[in-house]
Amino acid sequence: MPSLSYTSREEIEQHSFSPAVTLLVPVAAIILQVLVVKLYWRLDILDLPLIVAIFFSVSRRSPSAGTLTGAGIGLLQDALTGRPIGVNGMAKSVVGYIAASIGVKVDVDNLATRVLMNFGFSLLNSIILFLINRRLLGQAEAHIGWIHELIRAVINTVVAVPIFFLLDLTKRPE
Amino acid sequence: MESFFSRFKNVLVLVVVLLAQTIGLAIQVRRPAEQGAPDGPHVTLLRKWVIGFVTPFERFFHGIGYNTRYGWSNYIDLRNTRQQNRDLQAEVARLRLEQSELAEDAKQGHRLQAMLNFQQHYVTSTVAAQVIGSSGTDQSRVLYIDKGSNDGLKVDQAVITPDGIVGKLREVLPRTAQVLVINDQSSGAGVLLSTTRIRATLRGSPSGRIVINNLTPDERIKPGEQVLTSGGDQIYPRGLPVGTIETIAIDPDHQPYTMIQLKPAANLFQLEEVLIITGTQTDLPKLAQKDLAAGLATAEQRAAAAKAAAEQAAADAAAKTASDMVAEKLPSIHEAETEPDPTAAPGTTPVKPTVQNPAGVVPKPLPTQHADRYTPGTTPPASTLTPGAGHPAGAVAAPQPTVRTPRQQESPESETASPNN
């Protein structure tokens, strides 16, 4: 078992959240996502549940927790769509796992890191969704519009930065 | 063994989670086979829980927005209501006329359908519903409405607006229902091109557009052509507007087929209220029959009025023709040839033209070329005459008798011309 030193990043920056926050924030993100898209359909480019999944994963720095958080949020999201349940669940499971794994290595409280992380994970989420649609579901007409996905990544990043600062307030020191 | 699980715990969790979801996906994709069809019982249960949890929040926030808009538009913002009312009344009048014009065609169409034993399905009952939510993602175009099985809704019922079709019910819960919009990539509908009468299948696309991609190139298909439902899918009644053709291009993925993109008739992205078709019948609904009868009555009234006007115009024309004939034979009473009367008193109004007097003037004799005792103005007043005295103007030559041939006697020209001679 690897020993943790006093200065280990995992030891000094691992955060936990109260059960209420753990439960309510993802649900609130999903409901808010549905409401903003109802308000203006162009806002469907946003992915608030993805932002929340990334935040919890990098904050907890536990790949298992990140995987389960991503899977839970993704499955809830899938249940509201007309598509097979599990598409977003699988994509966000992978994103949660990688986000938590990266969170152990780098300083995720840094603004530049957060920007890069959100941009990269938004693109990764789009690529995984495309692969699931194309390979697992056999949708030959599924295409990936790179310009559209880059715009989506930029918008998600812009929205994610203030949300991360807000959610920092819900962190509970160990 | 323990160290293996503890060492690879995170990876194992990821693999198990992904594997479980992959198996779940495989089960869902295997059944049902039909795209856009409702889920199996286990999937429906999960969806029911999530939808049942989320929709109260959607309903709550939708209620706030709706009541705010309702209060504003019905109690405060009434500035243009009178003008709108006038416009609507004018539109109703115009539509009544249009209805009467189409009523006869509709009646003839029904007669022909009956002769051909054609089963047309008419919408008899609808349920109005408010859109309270959406899927929240561009991967799936579904909507949530505030009516469910408690209101008589069932799976696969068509959802429309007055502008055109919207989609069909995919999942129905007691107090809410999920609508699969026609621009979702798993949607489809049987359609008919209105001008060319070509049947096709409409599909949604990942980009949210609606397309027809099962037709080979045809020169008759042009942008702007209206697309209607064909009724062949047993979901949407025949004849509902779907949209208009926007672009036609060769489908690069499915040559030699074309990719026809449509502009939807209903605004699929900003829907507030929809109608769910809960009943159809093969006979024309009573209300529609009443409207059709009213239209036919209006058409008959218009036809009768038009006939009366035509008869009146024909009578006028006939009368005018007769007077014209008389006028030709009496050139002196033509208006164009009539010189203004210098002896008329100033301020007197000229006589208006009438059927009996088309020239509009009192006929006056032409100036006399050879005056005699019968010429007007040459005879002195009786008060100045002395009995037994001669003519004041002297001896007047007696008129020479003229020999008239029988032809001249029969001719009206000679009759009418004689007073002037």
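I began with a cut-off: a residue is exposed if 12 or fewer other C-beta atoms lie within 10 Å of its own, with C-beta atoms placed from the backbone. I note also that the model I consulted is a predicted one.

**Entry 1: two loop residues of chain B**

I applied the cut-off to Gln234(B), which has 10 other C-beta atoms within 10 Å and is therefore exposed. I located Gln234(B) in the loop between strand S9 (226-229) and strand S10 (241-250) of chain B. I then looked up its backbone: phi of Gln234(B) is near 65°, a positive value although the residue is not glycine.

I found another positive phi in a residue other than glycine at Asp156(B), where the angle is near 75°. Asp156(B) belongs to the loop that runs between strand S2 (142-145) and strand S3 (158-160) of chain B. I counted 15 other C-beta atoms within 10 Å of Asp156(B), so this residue is partly exposed.

**Entry 2: Thr161(B)**

I turned next to Thr161(B), in the loop between S3 and strand S4 (165-172) of chain B. Thr161(B) has 17 C-beta neighbours inside 10 Å and therefore counts as partly exposed. Which residues does Thr161(B) touch, not counting those up to four places away in sequence? I listed Val166(B), Ala266(B), Leu271(B), Val274(B) and Leu275(B). For one of these, Val274(B), I looked up the separation: its C-alpha atom is 5.2 Å from that of Thr161(B), and the two residues are 113 residues apart along the chain.

**Entry 3: chain A as a whole**

I took up the secondary structure of chain A and found seven helices and zero strands. Read from the N terminus on, the elements run α-α-α-α-α-α-α. Chain A has 174 residues, and buried residues make up 47% of them. I also looked at contacts in chain A between residues at least 6 apart in sequence; of these, 67% join residues at least 24 apart.

**Entry 4: helices H4 and H5 of chain A**

I examined how H4(A) and H5(A) pack. Their axes come within 7 Å and cross at roughly 155°. Because angles over 145 degrees count as roughly antiparallel, H4(A) is roughly antiparallel to H5(A). I recorded the crossing of H4(A) and H5(A) as right-handed. On the H4(A) side, the residues that make the contact include Gly66(A), Gly70(A), Ile73(A) and Gly74(A). On the H5(A) side, they include Ala91(A), Val95(A), Gly96(A) and Ala99(A). I sorted the residues of this contact into 11 nonpolar, 11 polar and two charged.

**Entry 5: the nonpolar cores**

I looked up the largest nonpolar core and found that it has 46 residues. Those with the most contacts inside it are Val52(A), Ile54(A), Val58(A), Val95(A) and Ala99(A). Which elements supply at least two residues each of this core? I noted H2, helix H3 (48-60), H4, H5, H6 and helix H7 (146-168) of chain A, together with helix H2 (9-30) and helix H3 (41-76) of chain B. The largest share, 10 residues, comes from H5(A).

I followed Val52(A) further. Leaving aside neighbours within four places in sequence, Val52(A) is in contact with Val25(A), Pro26(A), Ala29(A) and Ile73(A). Apart from this core lies another, of 42 residues, among them Val142(B), Tyr236(B), Ala266(B) and Leu271(B). I had already met Ala266(B) and Leu271(B) as residues that Thr161(B) touches.

**Entry 6: Phe119(A)**

I placed Phe119(A) in helix H6 of chain A. Is Phe119(A) buried or exposed? I found it partly exposed, with 17 other C-beta atoms within 10 Å. Not counting residues up to four places away in sequence, Phe119(A) touches Ala153(A), Val154(A) and Thr157(A). I also noted Ile151(A), 32 residues from Phe119(A) along the chain, with 9.8 Å between the C-alpha atoms of the pair.

**Entry 7: where the chains meet**

I closed with the contact between the chains: 35 residues of chain A are in contact with 39 residues of chain B. On the chain A side, helix H2 (19-39), helix H4 (63-79), helix H5 (87-105) and helix H6 (111-136) each supply at least two residues. H4(A) gives the largest share of that side, eight residues. I divided the residues of the side of chain A that touches chain B into 21 nonpolar, 10 polar and four charged.

Terms used:
Residues numbered from 1 in each chain as written. Chains lettered and ligands numbered in written order. Predicted model: local features only at pLDDT ≥ 70, side-chain atom pairs only at ≥ 80, totals over all residues. Contact = placed C-beta atoms within 7 Å. Helix = DSSP H or I, 4+ residues; strand = E, 2+ residues; numbered from the N terminus. Nonpolar A, V, L, I, M, F, W, Y, C, P; charged D, E, K, R; others polar. Buried ≥ 20, exposed ≤ 12 C-beta atoms within 10 Å, placed from the backbone. Core = buried A, V, L, I, M, F, W, Y, C linked by C-beta atoms within 7 Å. Axes fitted to C-alpha atoms, helices over the stretch in contact; angles between N-to-C directions. Parallel < 35°, antiparallel > 145°, perpendicular 65-115°, else oblique. Left-handed = near helix turned anticlockwise from the far one by under 90°.
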